[in-house]
Amino acid sequence: MSKHECDNRDSCLLFNHSMPRTFYKNSIFLLSGERFDDECMMKLELPPLLEENDRNISIMGSSINGTLCLNTECGVILWNPATAEFKAVPHGTIEFPADYESFVSVEAFGYDTATNDYKIIRRAVAVGQVAANVEPPKPIWQIYSLKSNSWRTLGEEVRIPCGNWGHCFHVYLNGICHWWGVLSDNDHEEVLVSYNLSNDEVVTTPLDLLECKGCHTFGFKHLTLLNGSIAMITGSWSDQLFHIWVLGEVGVKESWTKLFTFGPLDDVMFRPIGVGKKGDIYFTREGDEELSNADMQAHALFRFDINRQEIEDLGLAGKERSCQILLHKESFLPIGALD
């Protein structure tokens with residue numbers, strides 16, 4: 001197994017927590033085990049750039065060689081929590097016609113194993129009044145390279161399905177970034193987009209699964225890594241069931257295999273926020289009457305033990321779409337250095 005493949009040994013949990021009663025400021029905790037208490041949770045000191053911008057912080061994709069990619073209100077930041085080293089990613093240039101502004105979304109963060117380079121993928125969409133019978137500008141896709149410290153615009157020959165903003169989770173595995181996308185020229189079919197950072201190759205895998213139908217309206221889809229494989233957690237709020245799927249081969253829709261289904265979950269709204277070392281699934285859960293009365297945005301946090309098929313209340317609360325759990329391996333090397 002190469003050092004960049006998924007290996008949970010010596011990993012710990014990172015918990016990105018947006019807390020009620022603090023105006024939903026983000027705090028990131030390092031857990032020495034899988035217990036969520038004061039003895040096991042160490043609050044990390046965020047980069048100085050975020051001292052006054054500590055809301056709406058998302059950790060993009062996966063932790064790679066101890067480096068995190070933070071998407072924040074003041075820009076994108078690469079950060080090694082173990083050394084406190086950080087690097088602000090330049091904004092770069094995005095050129096649309098003068099009548100348009102750009103809306104930029106960061107799609108993925110990964111590691112190019114061929115060039116030993118950290119890379120970030122983003123998409124820019126033109127926003128503005130479109131005259132009748134005038135085609136709006138096409139989205140612009142760009143790749144950031146840490147080695148060159150610059151953004152490169154992809155040519156139109158690299159065809160990438162539009163990102164699905166309703167499902168912002170994405171993962172990195174073995175030199176390839178994966179996220180949800182929509183085929184606009186095929187009745188808006190949802191697909192898994194797999195982008196090879198070494199050669200710009202794009203492969204799509206259809207999500208032709210019965211339990212996915214209507215998830216964007218009546219439930220959720222959560223992309224994650226489970227025991228070294230690309231996995232998908234789907235759920236419907238109508239029947240309160242979770243379904244766990246694993247992808248056998250990128251590009252082959254028939255290789256989605258359902259591992260199991262669990263639930264129902266007591267008629268509540270729930271949404272996964274990450275997977276732990278043992279494959280346990282963490283999620284936010286609506287339905288705590290006392291918590292909801294105190295803050296309508298606050299959701300209780302729970303853990304589902306896959307092996308025992310049991311749910312545990314973690315005794316914490318957070319904003320539904322601002323909490324994340326991910327695996328992290330500490331590294332004391334400078335950002336960009338090889339192990």
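Asp 200 lies in the loop that connects strand E15 (189-196) with strand E16 (202-206). In this predicted model, Asp 200 has a positive phi of about 65 degrees, although it is not a glycine. Most residues other than glycine have a negative phi. A second case is Asn 174, a residue other than glycine with a positive phi near 55 degrees. Asn 174 is placed in the loop between strand E13 (170-173) and E14. Because its relative accessibility is 38%, Asn 174 counts as partly exposed, the class between 20% and 50%.

**Strand E5 and its partners**

Strand E5 (residues 68-72) is largely enclosed by the rest of the structure, because four of its five residues are buried. On one side of the pairing scheme, strand E4 (residues 58-59) is joined to E5 by two bridges, and the two strands run antiparallel. Within this pairing, Ser 58 stands opposite Asn 71 of E5. E5 also pairs with strand E6 (residues 75-80), again in the antiparallel sense, over five bridges. Here Thr 72 has Gly 75 in E6 as its bridge partner. E5 and E6 form a hairpin, with two residues between them.

**Salt bridges**

Over the whole structure, a search finds seven salt bridges. Three of them are set out below.

| Basic residue | Acidic residue | Closest N to O distance |
|---|---|---|
| Lys 119 | Asp 112 | 2.8 Å |
| Arg 303 | Glu 312 | 2.7 Å |
| Arg 308 | Glu 310 | 3.6 Å |

How are Lys 119 and Asp 112 classed, buried or exposed? Both residues of this pair are buried. In the second pair, Arg 303 counts as buried because its relative accessibility is 10%, under the 20% limit. Its partner Glu 312, with a relative accessible area of 37%, is partly exposed. In the third pair, Arg 308 has a relative accessibility of 54% and therefore counts as exposed, the limit being over 50%. Glu 310, at 43% relative accessibility, counts as partly exposed. Arg 308 and Glu 310 also belong to a network of salt bridges that links them with Asp 305.

**The second largest pocket**

The second largest pocket holds about 680 Å³ of space. Its lining consists of 20 residues, and those nearest the centre are Lys 138, Pro 139, Trp 141, Arg 159 and Ile 160. Which strands each supply at least two residues of this lining? They include strand E10 (140-145) and strand E14 (176-183). By residue class, the lining of this pocket comprises twelve nonpolar, three polar and five charged residues.

**The second largest cavity**

Two cavities of 30 Å³ or more are present in the structure. The second largest cavity has a volume of about 30 Å³. Ten residues line this cavity, and Asn 65, Tyr 118, Ser 331, Pro 334 and Ala 337 are the closest to its centre. The lining of the second largest cavity divides into five nonpolar residues, four polar residues and one charged residue.

Conventions:
Residues numbered from 1 in each chain as written. Predicted model: local features only at pLDDT ≥ 70, side-chain atom pairs only at ≥ 80, totals over all residues. Heavy atoms only, no water. 1 Å grid on protein atoms, 1.4 Å probe; cavity = no way out; pocket = protein on both sides within 12 Å on 5 of 7 lines; lining within 4 Å. Points joined across faces, edges and corners; volume = space filled by probe spheres on them. Nonpolar A, V, L, I, M, F, W, Y, C, P; charged D, E, K, R; others polar. Buried < 20%, exposed > 50% of the residue type's maximum accessible area, 1.4 Å probe, protein only. Pairing = 2+ DSSP bridges. Salt bridge = Lys/Arg side-chain N within 4 Å of Asp/Glu carboxyl O.
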